[in-house]
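I opened this entry to look up the metal sites first, then the contact between the chains, then the salt bridges.

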Amino acid sequence: MSNKEWPIWEVFIRAKQGLNHKHVGSLHAADVQMAIENARDVYTRRMEGISIWVVESKHIHASEPSDQEALFEPANDKIYRHPTFYILPEELNHM
Amino acid sequence: MEINLEEVFQQKIDNEIKIEPRDWMPEKYRKTLLRQISQHAHSEIVGMLPEGNWITRAPNLRRKVALIAKVQDEAGHGLYLYSAAETLGMSRDEMLSELHSGKAKYSSIFNYPTVTWADMGAIGWLVDGAAIMNQVPLCRASYGPYARAMVRVCKEESFHQRQGYEIMLTLCTKGNPAQKAMAQDALNRWWWPSIMMFGPNDEHSPNSAQSMKWKIKRISNDELRQKFIDVTVPQADILGLTIPDKDLKWNEERGHYDFGTIDWEEFNQVVAGNGPCNKQRLKARVDAWNNGEWVRDAATAYAEKRAKREAGKTEAA
Ligand SMILES: [Fe+2]
Ligand SMILES: [Fe+2]
């Protein structure tokens, strides 16, 4: 008996042609083939997808929640990156 | 200046900001969620057993494919929920061993036997109906992974209830007197256990207040139970069945149905392990785990062998 838990995989599904693969959840599987097969059964029983990505969870690197301010705050005061910052005459209609 | 983490946390909750796995959270919040989500997962898994009992004896192919699909969905629900629980720091194997040792609980409703085909109707209608009532507010639970899992679950539940009700409807409107009696008998046996699914009365539910404050729970046990009874009574009328509660009557003033006293002694007995099927259910789960061991081991061995072979290939190249 190996007593070893199968690794965790993160599952990403493309709902239809033209859309991104989107994270839908995770599951356990012994290897990549089983991960894809299990993902099919667990996450696409109702035509939720046409393509599956699986990534072993240990390969995902995430930013630290405590770095949230340092990373994302700087974008907060850069309103000039948004189209509404620029005041243009009404008669210009859509630009 | 010292930042009070607990206050910041509560502020996020109050502002409806979801908590995600790597965010700071009070230990008690983590533990409460872990217990609730893992119990919920166990309930989905054990919940496959009473209905699984009838798959081979479904009366026709249409009923059989529906029942298989429903039971498979419940397996899926268990898996979504185990994944959500794992983000709180307990491994899948630990959760399963808590179930198998009897340390972890699951919903008592699954400790009742399914003795006739009408039980498949009553379970879908009442048990899944009560589950939906409980689960819809959980889609807005404060813990992100739990809420997301519940959204998936709720999307799938409505077919469960409808197929159950359709079974009851067929027995009651197209069946012979014996079949209609079978439907009534199933309602008689499942009614009280179903309304107990909402848990103890609010005054006897000591942890509810904290769960409400943390927005794990949004609606109280008694309120959910009342809602369930109010929507279910007219459904029983359509079937022409009688709910086994002589005190059940519409209260104009309250705008709700009044109902009889729940036998909590029975509930406590079943929770304590003395229900009609507790031993059988647990044994089925433990056997499934033990008998599947060689499969898990073989898959692990195969994966290791293949990884080695692949590594050899890259070296050679
Ligand atoms: Fe379910
Ligand atoms: Fe269900």
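I started with the iron ion (ligand 2), which is coordinated by E74(B) (OE), D128(B) (OD), E157(B) (OE), E157(B) (OE) and H160(B) (ND1), at 2.0 to 2.8 Å. Donors here are N, O and S atoms within 2.8 Å of the metal (3.2 Å for Na, K and Ca), and water is not among the atoms, so sites may look incomplete. Along the chain I read the spacing of these donors as E-x53-D-x28-E-x2-H. The pair E74(B) and D128(B) links distant parts of the chain, 54 residues apart: E74(B) sits in helix α4 of chain B and D128(B) in helix α6 (residues 118–135) of chain B. Helices (H or I, at least four residues) and strands (E, at least two) are DSSP runs, numbered from the N terminus.

The model is predicted: local features need pLDDT of at least 70, side-chain atom pairs count only at pLDDT 80 or more, and totals for chains, interfaces and linings use all residues. Side-chain values use heavy atoms, with hydrogens and water left out, residues are numbered from 1 along each chain as its sequence is written, and chains are lettered from A and ligands numbered from 1 in the order in which they are written.

Next I looked up the iron ion (ligand 1). Its protein donors are E44(B) (OE), E74(B) (OE), H77(B) (ND1) and E157(B) (OE), lying 2.1 to 2.4 Å from the ion. Their spacing along the chain is E-x29-E-x2-H-x79-E. I noted that E74(B) and H77(B) both lie in helix α4 (residues 61–86) of chain B, three residues apart, about one turn of the helix. The two iron ions, ligand 1 and ligand 2, are 3.4 Å apart, and E74(B) coordinates both.

I then turned to the interface. I found 24 residues of chain A in contact (heavy atoms within 4.5 Å) with 24 residues of chain B. The area buried between chain A and chain B is about 2000 Å², of which carbon and sulfur atoms give 44%. Buried area is the accessible area (1.4 Å probe) that two parts lose on being put together, summed over both. E5(A), R45(A) and R46(A) supply 27% of the area that chain A buries against chain B, more than any other three residues.

For salt bridges the rule is a side-chain nitrogen of Lys or Arg within 4 Å of a carboxyl oxygen of Asp or Glu. It finds seven across the interface of chain A and chain B. One of them joins K4(A) to E304(B), with the closest N and O atoms 3.0 Å apart. On the side of chain A that touches chain B, the elements giving two or more residues are β2 (21–28) and α1 (32–43) of chain A. The largest share, five residues, comes from α1(A).

Over all chains I logged 30 salt bridges.
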